[in-house]
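The following exercises invite the reader to work through a protein model from its overall composition to individual side-chain pairs. Please examine the sequence and the structure before turning to each solution.

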Amino acid sequence: MKSVVMNRKYAYALPLFLASVFIGCSDNEEAGIDQLSEQARSFLSMRLNRVAQFETAATTLINRSFNAVSGNPSPGGDSDSTLIDEPWIGETCAVITEIENSDGSTTIIRDYGNGCQEGQHGFEYWMFGKVTETFRYIHNITGTRYRNEYLSRVNYEQYGGRYSDDYTWLINGAANYNGWSEWDTVAQKFYGSFTESSDLVSKYGDWEYSYSSEGVSHYDDTHWEQAAGGFYQYAEGDGYYRSDILRKLVMRFDCPHDDSMGLMVFGLTYVSGLEKITYRQDGKTGEFIIDYGNGECDNVIYILENGKRIRIEMDVLLTILSGG
């Protein structure tokens with residue numbers, strides 16, 4: 001598949017809550033970045049790195065869907081475009097089961113049981129557990145519109161591996177994506193939507209963390225938005241950070257950015273929306289709000305914390321977080 005670069009979820013208490021936040025902050029507008037709590041700084045650092053991987057996965061999903069509908073689906077009704085890219089070269093020690101489901105999806109189960117030796121050509125490693133993947137990609141054409149419907153579900157059951165005696169990785173849980181995209185060949189418009197949910201526990205050596213999320217996204221060729229009501233939570237040990245979207249988060253694809261910043265760029269291009277962060281870190285609990293602005297590509301956010309409204313220029317924040 002060719003690569004394409006696009007230019008590309010409360011109730012009545014919410015207004016009262018937000019009003020109290022903004023009124024309470026009016027006397028402290030533009031408080032300095034040094035007024036940020038240590039917990040807020042730690043969250044922003046994580047937001048720009050680990051959790052930003054969600055945006056990376058989502059934008060990759062949008063790009064793949066764009067590729068599918070802007071290509072050349074077969075005309076004349078529905079076509080199941082399910083493709084399986086077998087990742088192994090040669091034999092695998094896993095028991096592979098493939099199931100064609102009544103809804104047109106395909107399920108592949110890779111079961112390593114209590115463990116077996118995988119790999120070849122001098123690179124061998126131990127694998128164990130089971131991963132079950134279900135996927136479907138269906139194309140159809142109606143008039144001038146190409147439509148792609150897709151789903152992707154994966155379930156991990158004590159799935160992992162060991163590359164050395166002191167390093168083992170392990171994943172349990174599930175992740176799901178379900179959505180659609182359309183391409184209007186006359187209007188030259190691309191748009192779509194998807195839902196996602198995940199509940200995963202991962203372990204790498206001695207480091208263990210969990211990640212859960214739920215949300216609805218809508219997109220077109222100009223922007224991507226995450227609906228109010230969505231959330232994600234990252235937890236490690238007895239500490240956690242949880243994000244709840246109070247007002248839809250909007251990312252514009254036409255905002256300029258520095259490609260040299262790599263994955264962090266996905267955490268910098270929200271231009272509007274409100275995100276409430278609650279946390280427990282080192283025995284302390286608290287909360288703050290991130291206000292991403294009014295829709296302009298200004299690379300500025302506001303942190304509403306402890307009665308202060310703190311203006312953050314992202315390039316300055318990155319310099320501080322990096323120790324520059």
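The exercises below concern a predicted model, and each task is followed by a worked solution.

**Exercise 1. Overall composition**

Task: State how many helices and strands the protein has, and what share of its residues count as buried.

Solution.
- Step 1. The secondary structure consists of four helices and 17 strands.
- Step 2. The protein has 324 residues, and 44% of them count as buried.
- Step 3. The accessible surface amounts to about 17000 Å², with 50% of this area belonging to carbon and sulfur atoms.

**Exercise 2. Disulfides**

Task: Determine how many disulfides a search of the whole structure finds, and establish which bonded cysteines pair with each other.

Solution.
- Step 1. A disulfide is a covalent bond between the sulfur atoms of two cysteines. The cut-off for the sulfur atoms is 2.5 Å, and the search of the whole structure finds two such pairs.
- Step 2. One of the pairs is Cys93 and Cys116, with 2.0 Å between the sulfur atoms. This pair links distant parts of the chain, 23 residues apart: Cys93 lies in the loop between β2 (79-80) and β3 (95-100), and Cys116 lies in strand β5 (residues 116-120).
- Step 3. Another disulfide joins Cys255 to Cys297, also with an S to S distance of 2.0 Å. Here too the pair links distant parts of the chain, 42 residues apart: Cys255 is in the loop between β13 (239-252) and β14 (270-281), whereas Cys297 is in the loop between β15 (284-294) and β16 (300-305).
- Step 4. With bonded cysteines counted along the chain, the pattern is 1-2, 3-4.

**Exercise 3. Handedness and burial of the cysteines**

Task: Assign each disulfide as right-handed or left-handed from the torsion about its S-S bond, and classify each cysteine as buried or partly exposed.

Solution.
- Step 1. The disulfide of Cys93 and Cys116 is right-handed because the torsion about its S-S bond is about 65°.
- Step 2. For Cys255 and Cys297 the torsion is about -70°, and this disulfide is therefore left-handed.
- Step 3. Buried means under 20% relative accessible area. Cys116, at 13%, is therefore buried, and Cys255, at 7%, is buried as well.
- Step 4. Cys93 has a relative accessible area of 28% and is partly exposed. Cys297 is likewise partly exposed, at 33%.

**Exercise 4. The surroundings of Ser217**

Task: Locate Ser217 in the secondary structure and identify the side chain with which its own side chain makes a polar contact.

Solution.
- Step 1. Ser217 belongs to strand β10 (residues 207-220).
- Step 2. With a relative accessible area of 3%, Ser217 is buried.
- Step 3. The side chain of Ser217 makes a polar contact of 3.1 Å with that of Trp224.
- Step 4. Residues up to four places away in sequence are not counted in the contact list of Ser217, which comprises Gly192, Ser193, Phe194, Trp224, Glu225 and Gln226.

**Exercise 5. Nonpolar cores**

Task: Name the residues that touch the most other members of the largest nonpolar core.

Solution.
- Step 1. The largest nonpolar core has 35 residues, and those touching the most other members are Phe43, Phe288, Ile290, Ile301 and Ile303.
- Step 2. Another core, of 13 residues, lies apart from this one and includes Ala94, Val131, Tyr156 and Ile171.
- Step 3. Among the residues that Ile303 touches are Leu36, Leu44, Phe288 and Ile290, with residues up to four places away in sequence not counted.

**Exercise 6. Salt bridges**

Task: Give the count of salt bridges and state where Glu133 and Arg110 lie in the chain.

Solution.
- Step 1. With a cut-off of 4 Å, the count comes to 12 salt bridges.
- Step 2. One of them joins Glu133 and Arg110, with an N to O distance of 2.0 Å. The two residues link distant parts of the chain: Glu133 is in strand β6 (residues 123-142) and Arg110 in strand β4 (residues 106-111). Glu133 is partly exposed at 25%, whereas Arg110 is buried at 12%.
- Step 3. Asp291 and Arg309 also meet in a salt bridge, at 3.7 Å from N to O. Asp291 lies in strand β15 and Arg309 in strand β17 (residues 308-313). Both Asp291 and Arg309 are buried.
- Step 4. Arg145, Arg147, Glu149 and Glu182 are joined into one network by salt bridges that share partners.

Methods: Residues are numbered from 1 along each chain as its sequence is written. This is a predicted model: local features need pLDDT of at least 70, side-chain atom pairs count only at pLDDT 80 or more; totals for chains, interfaces and linings use all residues. Side-chain values use heavy atoms; hydrogens and water are left out. Buried means under 20% relative accessible area, exposed over 50%, partly exposed in between (1.4 Å probe, protein chains only). Accessible areas come from the Shrake-Rupley method with a 1.4 Å probe; for residues, only the protein chains shown count as cover. A polar contact is a pair of N or O atoms within 3.5 Å; within protein, one must be able to donate a hydrogen and the other to accept it, and residues adjacent in sequence count only if both atoms are side-chain atoms. Contact means heavy atoms within 4.5 Å. A nonpolar core is a set of buried Ala, Val, Leu, Ile, Met, Phe, Trp, Tyr and Cys residues joined through side-chain atoms within 4.5 Å. A salt bridge is a side-chain nitrogen of Lys or Arg within 4 Å of a carboxyl oxygen of Asp or Glu.
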